[in-house]
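Visitor: Please take me to one part of this model and look at it closely. Then show me how it connects to the rest.

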Amino acid sequence: MLRCGSIDGVSMSFDLIVKGGILPDGKRADIGIRGDHIAAVGEHLDAPAKETVDATGCLVSPPFVDPHFHMDATLSYGKPRINASGTLLEGIALWGELKPLLTHEAVKERALAYCDWAVSMGLLAIRTHVDTCDDRLLAVEALLEVKREVAPFIDLQLVAFPQDGFHRDPTARENTIRALDMGVDVVGGIPHFERTMADGTRSVTELCEIAAKRGLMVDMHCDETDDPLSRHIEQLSYETQRLGLQGRVAGSHLTSMHSMDNYYVSKLLPLMAEAQVSAIPNPLINIVLQGRHDTYPKRRGQTRVPEMLKYGIRVGFGQDCVLDPWYSLGTADMLDVAFMGLHVAQMTSPADMRRCFDMVTTQSAAIMGLEDYGLEVGKKASLVVLDAGDPVEAIRLRAGRLTVVAAGIVVSRRDRAHAKVAFGGREATVSRRFVP
Ligand code: FE2
């Protein structure tokens, strides 16, 4: 029975059909694909198809989305040395040592290698910051090329990111504007790294004005510190409201909010909600970077996710770093990100766990403004078949991506991971999936 209709009417055949899957809302559905778009979604689609993916009993989700990443730095771990202290500031210093050694070819090669990882993990939309504090803008050029090359399969969005400070670095302003002129999509910033709070405030205002003038979105590294007096998110919300940027602005990290005075936060969150400023916490990186100056008790540093959700603030979890000067692990697995975010935020109710899945899929897609994202008829035919029965099980297992489809093409397949165990007279094939 056809449930969601079709684009072309009833007499159709499909290029690809994904049969017997379970959608994130728990409904069983076949998904019929023609070309690069979803043509039909229904409980039983009987039309012929050139290719069939058997997803019986498996979760079929729209692709994973990473709303915060650094593709110019990824897979550079150990170059030229590792981060000995594990702090954000040593990471920035280390990146400063690596930057003069970068070549166009090396940045592009690492970025494309990461795209391979991403595709294998069903991660098909990535917002990456790209450092504009380099007069050569070599990484900007390299990532713009990567964006063009992967465009049929991966939505890669670039953020012009003045890593060393929009005012603190003497040529950051000029280079950030050059990067935007070259085609970078989003305006970034790092107000907490400017020399003074006042410079941070000025940078937020100027960068938001640049975005408003150009009709662009804004995504700033904002208050990534344990200092409770780092309050640039307040200015970011104010400028969003003043310049009419509602719904187009995100604050990344926002870790100082973890340590802020509760009364102040009770005023701040409604301001963020009113301005429709989204939040992008990055649980893997911030659980290791924050609290480094604490003895015990040691702060977790993650921003206040459940509280933001209560105010209707959109939250998307980001990965931030994989094998780079700031983070020595990572696998392009957004389920790792959701798993860590869920734990640190103590979001353990069934509804909250489910929301954590949304934060690495639909919510992050909304933050990136991906209009053709989703499993409805007419949307881009990108999806992932997971070795799990539902979104919560996917997080628990960090479930295997059995099949990944990008714009109507099967781009990755893997076998189910089953262990054969034998001990004490017991023998079993173990998948760790659970049916209550
Ligand atoms: Fe970042």
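Guide: What follows is a close look at helix α6 and then at its surroundings.

This is a predicted model, in which local features need pLDDT of at least 70 and side-chain atom pairs count only at pLDDT 80 or more, while totals for chains, interfaces and linings use all residues. Residues are numbered from 1 along each chain as its sequence is written, and side-chain values use heavy atoms, with hydrogens and water left out.

Start with the helix. Helix α6 covers residues 232–242. (Helices are DSSP runs of H or I with at least four residues, strands are runs of E with at least two, and both are numbered from the N terminus.) Its buried residues are His232, Ile233, Gln235, Leu236, Ser237, Glu239 and Thr240. (Buried means under 20% relative accessible area, exposed over 50%, and partly exposed in between, with a 1.4 Å probe and protein chains only.) These buried residues pack against two helices, α5 (197–214) and α7 (262–275). They also pack against strands β11, β12 and β13. After α6 comes Gly244, with a positive phi near 70 degrees.

Now zoom in on Ser237. Its relative accessible area is 4%, so Ser237 is buried. Ser237 is in contact with Leu271, Met272, Ala275 and Val277, leaving aside neighbours within four places in sequence. (Contact means heavy atoms within 4.5 Å.)

Follow Met272 next. Not counting residues up to four places away in sequence, Met272 touches two members of α6, Ile233 and Ser237. Its other partners are Leu254, Met257, Val277, Ala279, Met308 and Ile313. Met272 also belongs to the largest nonpolar core, which has 101 residues. (Such a core is a set of buried Ala, Val, Leu, Ile, Met, Phe, Trp, Tyr and Cys residues joined through side-chain atoms within 4.5 Å.) Tyr114 and Met272 touch the most other members of that core. Helix α3 (residues 138–150) gives the most to this core, eight residues. The core lies between domain 1 (6–62 + 374–420) and domain 2 (64–368), because both give residues to it. (The domain bounds come from an automatic or database assignment.) A separate second core has 18 residues, including Leu16 and Val405.

Back to the strands that α6 packs against. An open sheet of seven strands runs in the order β7-β8-β9-β10-β11-β12-β13, with parallel pairing. (Two strands pair if DSSP finds at least two bridges between them.) The edge strands, β7 (64–69) and β13 (277–280), each pair on one side only. Strand β12 (residues 249–253) is joined to β13 by four bridges. One residue of β12, Ser252, has Ile280 in β13 as its bridge partner.

Strand β11 leads to a metal. The iron ion has His68 (NE2), His70 (NE2), His221 (NE2) and Asp320 (OD) as protein donors, 2.1 to 2.4 Å away. (Donors are N, O and S atoms within 2.8 Å of the metal, or 3.2 Å for Na, K and Ca; water is not among the atoms, so sites may look incomplete.) Along the chain, the donors follow the spacing H-x1-H-x150-H-x98-D. His68 lies in β7 and His221 in β11 (residues 217–222), so the pair ties together parts 153 residues apart in sequence. His68 and His221 are both buried.
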